[in-house]
Amino acid sequence: MRNCIIASTSTIYGSKPLEYLQEALVELYTDVDEILFIPYARPGGISHDEYTIGVNNLFKKIDKRITSIHMADNPVEALKNTKGIYTGGGNTFLLVDQLYKNNVLEPLKKAILLGTPYLGTSAGSNICGLTMQTTNDMPIVYPPSFKTLGVFPFNINAHYLDPDPNSTHKGETRETRIKEFHTINPQPVVGLREGSWLRINGKEIVLEGNLTARIFEQNKTPYELESGSSLNELN
């Protein structure tokens, strides 16, 4: 019984971190007082402690407490016992590497599939797909595998950017990169623009936010999905 928010980013232009998601988070964590935070992605290289303090300050605004998995004596037990989870953004390679090294990838997947409310932003959303291979991040470490949680049977490209028609840049666009991915890999890719998120409730997956999402399927022309639309055909 999945109960998730899978967001492209924690922060949109002109808004404070997580502010644009506040109403959705209140709903997601209705019956949760304390949320287990996974800080492994370490945005900008900050420490786990620094990251956790910042996130705790954000969640105080909706009267929730944060504990961090990096402080747990037994991370696996922490995931089994928690009532809510948040995996923050940063570097997806580092996040996946740490999930494997701490033996929490499968326990995290189990907790999500059992219905533990889950928020992922950026890297924390990338890991919910079949693999992390459509991340935009630099490979600063080499994880044991690119296989991730597989909470749904497609991949995420967070922070999806459209080609700028006025740019003189002639290099690869995000769409070109995803097409390259599809020459070898079959799973669909959902390009989530900033300010968009997926709301997952049981078998239902719905695009939320004010923008469309770009959907890529192997051997098909990419298309736009309107906000409020279901992604169940990809599910």
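Helix α7 supplies the largest share of the lining of the largest pocket, namely five residues, in what is a predicted model. The loop that runs between α7 (174-182) and β7 (189-191) holds Q187, a residue that is buried at a relative accessible area of 9%. A search of the whole structure for disulfides finds zero.

**Pockets**
- The largest pocket encloses about 260 Å³ of space, and its lining is made up of Q133, T134, T135, N136, N157, R174, R177, I178, E180, F181 and N185.
- Sorted by class, that lining comprises six polar, three charged and two nonpolar residues.
- The second largest pocket holds about 180 Å³ of space and is lined by twelve residues, with D162, P163, D164, H169 and T173 lying nearest its centre.
- The lining of this second largest pocket divides into five charged, four polar and three nonpolar residues.

**Surroundings of Q187**
- The side chain of Q187 makes a polar contact, at 3.5 Å, with the side chain of N155.
- Leaving aside residues up to four places away in sequence, Q187 touches L130, T131, P153, F154, N155, F181 and H182, and F181 is also among the residues that line the largest pocket.

**Cysteines**
- The sulfur of C4 has its closest cysteine sulfur in C128, but the two are 6.2 Å apart and therefore too far for a bond, given that a disulfide requires sulfur atoms within 2.5 Å.
- C4 is buried, with a relative accessible area of 0%, and C128 is likewise buried, with a relative accessible area of 0%.

Definitions and conventions: Residues are numbered from 1 along each chain as its sequence is written. This is a predicted model: local features need pLDDT of at least 70, side-chain atom pairs count only at pLDDT 80 or more; totals for chains, interfaces and linings use all residues. Side-chain values use heavy atoms; hydrogens and water are left out. Buried means under 20% relative accessible area, exposed over 50%, partly exposed in between (1.4 Å probe, protein chains only). Helices (H or I, at least four residues) and strands (E, at least two) are DSSP runs, numbered from the N terminus. A polar contact is a pair of N or O atoms within 3.5 Å; within protein, one must be able to donate a hydrogen and the other to accept it, and residues adjacent in sequence count only if both atoms are side-chain atoms. Contact means heavy atoms within 4.5 Å. On a 1 Å grid over the protein atoms alone, a cavity is a set of points where a 1.4 Å probe fits but cannot get out, and a pocket is an open set with protein on both sides within 12 Å along at least five of seven lines; lining residues have an atom within 4 Å of a point. Grid points are joined across faces, edges and corners, and a volume is the space filled by probe spheres set on the points. Ala, Val, Leu, Ile, Met, Phe, Trp, Tyr, Cys and Pro count as nonpolar, Asp, Glu, Lys and Arg as charged, and the others, Gly among them, as polar.
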